Amino acid sequence: DIYQRCNPAVVNITAVTLTRDFFFEVVPQKGVGSGAIIRADGYIVTNDHVVGNAQNVEVTLSDKSQFPARVVGTDPDSDLAVLKIDPQGKKLTALEFATADNLAVGQKVLAIGNPFGLGGSLTVGVISSLGRDIRTQTDRLIKDIIQTDAAINPGNSGGPLMDSSGKLIGINAQIVSRSGGSEGIGFAINVKTVRMIADQLIQFGRVQRPDLGIEGVGLSPALFNALGIPTPRGVMVTEVYARSAAKSAGLKAANRELVYGFRRIPIGGDVIYQIDDSPISTMRDIFDYLSEKKVDDTV
């Protein structure tokens, strides 16, 4: 019953990206994935890594009808993207969002997608764990990830993970596999994150995130000791962007370099070793901490 009701809301996505080969000839590369219709006027959510920098995106519905798609916005940091098609008077089926607060380990889940280009495939499993964290291709952390044992394979990316009533609880994003196929460990981006990111992409075309406005590099305790800086950890600020929060706060960037062994070490800037009560050793630590904040929050 769920398959009959929800399969029309799941689409197959073909994305064509133009690249250059060894001889600098332009070569089209085709990728496939899945997507979920979230609004009846043609808005579709999928993974950023499905569409990436594609020059041409085509969407195929469950009835085999095809539509060109416009990329409304992408967010590599959450691995989510939103597409828009013109249904041309066709009545589209949209998935309903579930409430993330009601998810529980052990509850039944269903995934519909386009594994290996085989559209309209349904797999069933349970939620294996909640609250997982995974890294995106930009090394940013996505929190509150759903782990499931429902078979997720290449091509399922961007497709919906649904509860037993057919409501959207997540967007399938990654698998952990030694063989390259499903081994019962799949990850889906929580519906709470999906809804927040999709709303911003539709409204603004991008995601508004808190940002200090700096670049930096984490240095080892031995380096800090050699530099005479009394801290066991920290990030040396290497760049402070104009009109940023860091600029307003008076943070200073490194202004010279020191040759240390076979490395050039930026020195002379401020060192961030803690934000609020959170210890900082790398830029990743800064990104992870700010991911839980909102624009205009004070740290």
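The following dialogue walks through several features of a predicted model.

Colleague: Before any detail, how many helices and strands does the chain hold, and what box do its C-alpha atoms fill?

Modeller: The chain has six helices and 19 strands, and its C-alpha atoms fill a box of roughly 70 × 50 × 40 Å along the principal axes. Of its 299 residues, 44% count as buried, while the accessible surface comes to about 15,600 Å², with 48% of that belonging to carbon and sulfur atoms. Among the contacts with a separation of 6 or more, 58% are between residues 24 or more positions apart.

Colleague: How should I read a pocket, and what is the volume of the largest pocket here?

Modeller: The general idea is that rolling a probe the size of a water molecule over the atoms shows where empty space is left. In this model the largest pocket has a volume of about 750 Å³, and of the 25 residues that line it, Met196, Arg209, Ser291, Glu292 and Lys293 are the closest to its centre. Strand 9 (141-148), helix 3 (191-204) and helix 6 (283-290) are the elements that give two or more residues to this lining, and helix 3 gives the most, with five residues.

Colleague: Which classes of residue make up the lining of the largest pocket?

Modeller: That lining divides into 11 charged, nine nonpolar and five polar residues.

Colleague: And how do the residues of the second largest pocket divide by class?

Modeller: There the lining has 11 nonpolar, five charged and one polar residue. About 320 Å³ of space lies in this second largest pocket, and of its 17 lining residues the closest to the centre are Leu212, Ala245, Ala246, Leu290 and Val299. Helix 5 (245-249) and strand 18 (274-275) each supply at least two residues of the lining, with helix 5 giving the most, namely three.

Colleague: Turning to single residues, is Ile286 buried or exposed, and why?

Modeller: The reading rests on relative accessible area, where a residue under 20% counts as buried. Ile286 has 2% relative accessibility, so it counts as buried. Ile286 lies in helix 6, and, leaving aside residues up to four places away in sequence, it touches Leu212, Ile214, Val235, Ile272, Ile275 and Ile280. One of these, Leu212, is also among the residues closest to the centre of the second largest pocket. As for Ser62, which is 224 residues from Ile286 along the chain, the C-alpha atoms of the two are separated by 43 Å.

Colleague: How do I read the side chains along a strand, and which way do those of strand 3 point?

Modeller: One looks at the direction in which each residue points. In strand 3 (residues 43-46), Tyr43 and Val45 point one way and Ile44 and Thr46 the other way, and all are buried. Strand 3 pairs with strand 6 (residues 80-84) in the antiparallel sense over four bridges, and Tyr43 stands opposite Lys84 of strand 6.

Colleague: Finally, what is the phi of Asp79, and where does Asp79 lie?

Modeller: Asp79 has a phi near 55 degrees, a positive value in a residue other than glycine, and its place is in the loop between strand 5 (66-75) and strand 6. Asp276 also has a positive phi, of about 55 degrees, although it is not a glycine, and it lies in the loop between strand 18 and strand 19 (278-279).

Colleague: Are Asp79 and Asp276 buried or exposed?

Modeller: Asp79 has a relative accessible area of 8% and is therefore buried, whereas Asp276, at 35% relative accessibility, counts as partly exposed.

Methods
Residues numbered from 1 in each chain as written. Predicted model: local features only at pLDDT ≥ 70, side-chain atom pairs only at ≥ 80, totals over all residues. Heavy atoms only, no water. 1 Å grid on protein atoms, 1.4 Å probe; cavity = no way out; pocket = protein on both sides within 12 Å on 5 of 7 lines; lining within 4 Å. Points joined across faces, edges and corners; volume = space filled by probe spheres on them. Nonpolar A, V, L, I, M, F, W, Y, C, P; charged D, E, K, R; others polar. Buried < 20%, exposed > 50% of the residue type's maximum accessible area, 1.4 Å probe, protein only. Contact = heavy atoms within 4.5 Å. Areas by Shrake-Rupley, 256 points an atom, 1.4 Å probe, with all protein chains shown as cover. Pairing = 2+ DSSP bridges.
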